Each structure stands twice: as structure tokens, then as C-alpha cells.
Amino acid sequence: MKENKPVQKIFKGIAASEGIAIGKAFLVEREADLYIPLKKISKENVKKEVALYKESLEKTKKELLSAKERLLKALGKQHALLIDVYVGMVDDPLLTRDVVRMIEEDLVTAEYAVSVGLNRIIQSFEQIEDEYFKGRISDIRDVGRRLLRNILGKERKSLSDIQPNMIVIAHTLSPSDTVVLKEKKCAGFVVDIGSKTSHISLVAQGLQLPAVVGLKNITEIVEDGQDIIVEGNTGTVIINPDENTLNKYAKKHNEIVKEREYLIKLKDLPAETLDGHKVSIVCNLDSPQEIEEVLKSGAEGVGLFRTEFMYIERDELPKEDELFEKYYYTAEKISPYPIIFRTVDIGGDKLSKLGLEGLLPETSPALGLRGIRLALKYKDMFKTQIRAILRASVFKNTKIMFPLISSVQEFRLAKEVVEEVKKELLNRNINFDQNIKIGAMIELPSAALTSDIIAQEADFLSIGTNDLIQYTLAVDRMNENVADMYDPLHLSVLRLMKHVIDAGHSKGKHVSMCGEMASDISFTKVLLGMGLDEFSVPPALVLKLKKLIRGFVLSDAKELVNKIFNTNDRSDVIKILSEDENKNNKTS
Ligand code: PEP
Ligand code: MG
């Protein structure tokens, strides 16, 4: 009898982090989603499942009560009382009544029964024409997620079970999950949601983990243990690859390994064009652990340290000493190379549970209180961070940069806070770099168009293309439905970039780029031709970029930019770039 071979299936998602991974699928069950697929259990498992449900209820309550205590200390009674409402929900018979019955009678998992219960409540609240009930829906979701996490996290598969060379398939992953994957030597990952510039993709790039995101429902298609190939460069996922495909990808994988060996030789050479124009290549950093990768990468410092890692996924604000310890560690490690601390950019997509007073869910968070706006509103929080950065500046390699600056006035206000903190430290005889350099991130069209004015008062500029593109084109960088409209080559974006670089240079200031566009090697020559001084990229990309830059001639790159600005059609831009790439390939 003929063996029934599984059929090869190919899926296309968004290319999030390059490289090839070949291995067995490790399916992580949906955690954050309230819709849990139906799973039946056997009669023998009913008791165990009911116990799991009850334990999770208790655990959730305990967690909430401990959060209440911390809130009470940090922000007072008013906020702490809110937690009582949450605890009340966990005890609500509306939720709990049916769960045990469903497990016992319908023979379903605890998480499925809970998700049905939760969704029933949500639907009934949605039908009530009352703002109070509508407002409670997000609370129910929060509590529900917490409860489900406790159920799933306990007995179900978790990331800690992953074996080396497996490929994780998940609905979504947090940046900290991604670090776990790297530690567990997982080969790559694939997720349902996300875009090329969502944080999970950026972290994957930093960790050199091949990844494809935005696959919508891949968790419902892939089965645990199936053979799978992930090609991060093209966003391709192949399930049950046949022998030909497997051989083809194994060969590609080998080539990548060989190229890596070649690139290592460039580590100590400068990023200099054939005609002697030198630029610098520095790294983006999302957590202090990644500094080891930066040190190995051949980069000349850190161009963007995203400091959010101490603020997200926690219930209380970080203390100054906690921050200082991490900042000092990183600054010392990278010294004498420079490190730019981007002050905290929470709000927007970087949701925080910090319980800041008056911080409510917003209809359009990306246009709301995030970045420097939030920092200026919660000034004590901001000052604590600035104090920690200044105290870590004793190696004299530390710089500060503010996110989401929209005008020179806002930049001034942020600088005033630094001045205030400096004075306080001086009064307390605390040592710090009194000449610390302060820069502005240019990631809003308003800042880009006034970058000449901002550059007069800033020590340097850094273009954050992830947000600059999002805000220029009105395309949510997290939304895969409009991901194809997220276009770095839109002439408006290119014009803004050139404008910022020229404006910075006209005031004698260094212009860096720390957004994703700096890491896309198909744009390197254009950025070089525009006059960009510094590329801040994930460690994995440093040598590749160096190799590329060392093969270019500056005057050639400038000519390419001229050609692009003489077109008025996107397809012409693409044509010019691909002709130029062909020409480069022939001569290299
Ligand atoms: C950017 O917007 O380009 C940027 C570098 O900042 P983040 O991705 O952290 O918003
Ligand atoms: Mg940004």
C-alpha cells in the first residue's frame, strides 16, 4: 500500500526577520485572545479540569489583591478601589455559574468554558445602550485574559517546553517571549498578527531569529510537530515541505552560514565608501541583555536604546535605582563607544499597565498621549528616568534623545526637565556628565518640516522612520490590513527625509536614522546619497551593511538620489532602484 504523504502547503505573510529556519512546529496556544477553540476532554479529566479552573480563580484573585496593595501604596485609594471591581468580576456568578457545569456536562476544557462565559457577558453588555456598561467591557476583557493566562499557563504547553531547533507558531508573542525563544535556541517563529515594524519583529531582527508575522490564522492551520520551513526574507512559510523544497532550503541555509563567515572579517574595518566617505553604523537596543550582541556586531555604539522594557508588562513604575543599575551596566559595557538613551515612549502601541493617574484608554492611542507628551504630563516619572540616565553618564559616552517631538517648544520643555534634574544632582553632589548631548527624534511630519528650527537647539537629530512613515501616510504600523500601504518609498517620505538631513546639516548637526528603514539594505544607497551620517540597525545587520557601504561610491549614490527626485511616480522609483541594483550586482 502506498504511504499517504502529507501535502506541502505554502503561505505568505510579512517578512519580519530574515534567515531560514527548518524544524518542527511548536504550537503555542492563544493566550491573549478571549476566543479559545473548542477542545473536548475525556470524562476522567473532568475533575482535573474543574480543579484547574478553581485554582486559577484563586490565583487570579490573589494577583489582583497584590496589585491592589501596590496601587494603594503608589497611587492611593481611588485607584486601588478599581481593583475591587475586578475582584468582584472574578466572583461574579454570571461568569462562574456556567463554567463548572459546562466542563462537567459538555466535557470541554476549562479555558473553553471560561471563554464562552466571558464572551456571553461581553455580548450582553454590548447590547446595553449605556456608556457605563460599555466601559466595563474592557475591564472584563482584562480580567478574562488574566484568568485565561492562569488556566493556560498552568497545565498547557508554554514556551519553557520548547526544544532547540523548533519553530514557534503563536497568535502573538511579547518581546520578552522572543528573548526566551532565543535562549531556548529555537530556530524561528511565525505569528498570526503584527507587521514588519511591530516590536516583536524588531526584537526578532535584533536576535537574528528568522520570523514571519501577520499570517492571520496560521495557528489554526499548523499542527504541533509538523515539519515546517520559515523564510524570513520573503515572508514564506512552508508546511510539510517535500524533499525537493527541503533540499533547496537546506542549500540556501548553508549559503547564509558561509556568508556570515565572510562578514566576520569586516568587523574591524570602517564603514567607508570606495571614495573615502565614512559613515557610522551603530545599533538599536531593546534591552540591556542585547548589549552582548552589539559588542560582537562590529558596531560603533548604540544609536537607539529603547527604554520601554522597564515600563511595559508591569504594574508599577520602575524605581530610580532599578533604572540606574540597568543604564549604568549598558553604558559601561559599550564605553568608550556612545550610547543614546531614548527616553520612555509608552502609550500608543506600547500599552502599559503602570496605573498612572488619569491615564485612560484612548480612542486613537497613536494620536494620543504617548512618547514625550506622556513624559511631560507625568513629570515625576520622567524626572526619575532622567536622573537615572544622568547618573549613568559618568563614562561620558551617554546621550539623551526624546521620542515623538512635534515642535521646538516641546523639545525645549523636555530639555528644561533635564536642566532641572541636573541642578538637583549638582546640589546633591552627584557626579554626572554636565555636557551630556541631547537630541530629538524626528518621527512626526510636524517635526520633520521644522527640523531646521529644532536642529538649532538639538545636539543631533535621529529620524524614526517607523513612526514618520506611519504618521505621514496615515497608516497604522501595527495593522496588517494596511501593511501594503506602509511605503518607505512614497515620495512624501523620501522628501521629508532629505529635508531633515539637509536641515540638520545646515545647522552643523549630525543626522542619524534609527527606524527600520535604516536596516533595509535596498535603501542603503539612497540614504547614503541623501547624506545620512549614521545608520542605527539591529546587531545582526551591522556587517552586512558595512559590506554594502564599502562597495558604493558616494557620487554614484548622490546621482541615484537625484534621479529619484526627478520622478513623480512610485513605479519609476522602483525601476530606478532595481536598475541600479542590477548594475551594482554586475560590478561586484
Ligand atoms: C521609529 O519610530 O522609527 C523608532 C525608531 O521608534 P519606535 O520604533 O520605538 O517607535
Ligand atoms: Mg518611534
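This report walks through the magnesium site and the surroundings of ligand 1 in a predicted model.

## The magnesium site

Let's start with the metal. The magnesium ion, ligand 2, gets its protein donors from Glu 443 (OE) and Asp 467 (OD), which sit 2.0 to 2.1 Å from the ion. Glu 443 is in the loop between β13 (437-442) and α14 (445-449), while Asp 467 belongs to helix α16 (residues 465-473), so this pair ties together parts that are 24 residues apart in sequence.

Are these two donors buried or exposed? Glu 443 has 2% relative accessibility, and because buried means under 20%, Glu 443 counts as buried. Asp 467 is buried too, with a relative accessible area of 2%.

## Who surrounds ligand 1

Now for the other ligand. There are 16 residues around ligand 1, and the ones that come nearest are Arg 306, Arg 342, Gly 464, Asn 466 and Arg 477. As for where the shell comes from, β10 (302-306) and α16 each supply at least two of its residues. Helix α16 gives the largest share, three residues.

## Polar contacts and burial

Two arginine side chains reach oxygen atoms of ligand 1. For Arg 306, a side-chain N or O atom is 2.6 Å from an oxygen atom of the ligand; for Arg 342, the corresponding distance is 2.8 Å. Gly 464 uses its backbone instead, with an N or O atom 3.4 Å from an oxygen atom of ligand 1.

How much of ligand 1 does the protein bury? Taken alone, the ligand exposes 290 Å², and the protein buries 100% of that. The space that ligand 1 takes up is the second largest cavity.

Terms used:
Residues are numbered from 1 along each chain as its sequence is written. Chains are lettered from A and ligands numbered from 1 in the order in which they are written. This is a predicted model: local features need pLDDT of at least 70, side-chain atom pairs count only at pLDDT 80 or more; totals for chains, interfaces and linings use all residues. Side-chain values use heavy atoms; hydrogens and water are left out. Donors are N, O and S atoms within 2.8 Å of the metal (3.2 Å for Na, K and Ca); water is not among the atoms, so sites may look incomplete. Helices (H or I, at least four residues) and strands (E, at least two) are DSSP runs, numbered from the N terminus. Buried means under 20% relative accessible area, exposed over 50%, partly exposed in between (1.4 Å probe, protein chains only). A residue is near a molecule or strand if one of its heavy atoms lies within 4 Å of it. A polar contact is a pair of N or O atoms within 3.5 Å; within protein, one must be able to donate a hydrogen and the other to accept it, and residues adjacent in sequence count only if both atoms are side-chain atoms. Accessible areas come from the Shrake-Rupley method with a 1.4 Å probe; for residues, only the protein chains shown count as cover. On a 1 Å grid over the protein atoms alone, a cavity is a set of points where a 1.4 Å probe fits but cannot get out, and a pocket is an open set with protein on both sides within 12 Å along at least five of seven lines; lining residues have an atom within 4 Å of a point. A molecule sits in a cavity or pocket if more than half of its atoms lie within 2 Å of its grid points.
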